[in-house]
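Colleague: Could you help me with a close look at one part of this model? I'd like to know where to trust it, too.

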Amino acid sequence: MANITEGQSSSKRALVTDVNLVPFIDLLSVCICFLLITAVWVHLGILEVKQSQGTSASVQKGGFEMAVTLVNPETVRMELRQNNRVRRKKTVVGKSLDQLQGSVAKVAQKFRSFSKSKLTTALLTPNQSVDYGHLVAIMDTLRRNEITNLGVVATGKGVVR
Amino acid sequence: MIGADILKPGSFQHHLVASDHKKAHTKRTLLVSLSLTAMVDMFAVLVIFLLQSFSSSPEVIITKGIELPEAVSGSEMKDAPFLSLAKGQLFLNQELLGSVGDVLKKPNKLMVRLKTARQKWQKDHPEKNFPGEIHFQADRSIPSTTIGNIMGVVSQAHYYSIQLAVLSRDSQ
């Protein structure tokens, strides 16, 4: 690609180097096309739900679990249970999803501190009026507060018992 | 040994200009010079960008008509069959299974397909235990009870680890 030319002067020989721009621009164009085609514009992730026996998340023996009921898009009922006995309960209300997530996070932290950080399991019971986006937002909030073992209760048609 | 003055930028231009003067009657020469430093900088930036955007996670197709929910705590995707729910229709690996209502009324078709996928996985990985993982894509506006019921059916086909596909977003 590079042109190497010797000067024609008899007294002084000049070695001239330069790059031909045309293939270079071609190469750049190919690079840009490759980047545009292969670039990942949408970053996907996963939230893991562990279903046990079709309806409930696996519960640690003798440990704590949290029952989270999504009553409606603005209300979430949370219960801290130990060996199926309710130890704490709280209903949180938020006019917006962000407010609701903030309130859920505070209660989750309180329950975690009460359980001396043994609480890692939550079982969510959705309501017909609550959409999937809300369910995922609440699950996301719980996961951010180290409650990572999540299960969703299946109630209704289609579940073979 | 090449003298330093030979490698000075612009020597090629001088050569061309001299040549042009010699052939005064001929066409004019277009002179373009390129800074190698800038070119190397640009290549470095390109390489860094490619390395940053490189992802080893498996490629997953988002079914048309699905607006995925967003989450901050989303983790890396794994290779697993994927079930998607779009416009009231249920798909397993892009293959239509029927409407959600029909599948929930008669889940046997879905159960059979999931069993086939599980057997295929076990045949392909005879030395491993079946992890029971499945991806699930659904529109954020779908009632959550529908999702719960589908999860119930899926878990009965020994898929206990359901990976809900979400759009990863940064925490604020």
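Where in chain B is confidence lowest, and where is it highest? After that, please walk me through the open sheet of chain A.

Modeller: Happy to! This is a predicted model, in which local features need pLDDT of at least 70 and side-chain atom pairs count only at pLDDT 80 or more, while totals for chains, interfaces and linings use all residues. Residues are numbered from 1 along each chain as its sequence is written, with chains lettered from A and ligands numbered from 1 in the order written.

In chain B, pLDDT (the predictor's confidence in each residue, from 0 to 100) is lowest in helix α1 (residues 11-22), with a mean of 62, and highest in strand β5 (residues 133-138), at 91. Helices (H or I, at least four residues) and strands (E, at least two) are DSSP runs, numbered from the N terminus. Where pLDDT is low, the predicted coordinates should not be read in detail.

Now to chain A, which has 3 helices and 8 strands. Of these strands, 5 make an open sheet with mixed pairing, ordered β6-β5-β4-β7-β8; strands pair if DSSP finds at least two bridges between them. β6 (85-93) and β8 (149-152) of chain A are at the edges with a single partner strand each, so one side of each has no neighbour in the sheet. From one strand to the next, the twist averages 20 degrees; axes are lines fitted to C-alpha atoms, for helices over the stretch in contact, and angles run from 0 to 180 degrees between N-to-C directions.

Strand β7 (residues 121-125) of chain A runs parallel to β8(A), joined by 4 bridges, and A122(A) sits opposite L150(A) in β8(A). Helix α2 (residues 97-114) of chain A packs on the sheet, touching β4 (64-72), β5 (75-82) and β6 of chain A, and its direction makes about 160 degrees with that of β6(A). Contact here means C-beta atoms, placed from the backbone, within 7 Å.

Terms used:
Two residues are in contact if their C-beta atoms, placed from the backbone, lie within 7 Å.
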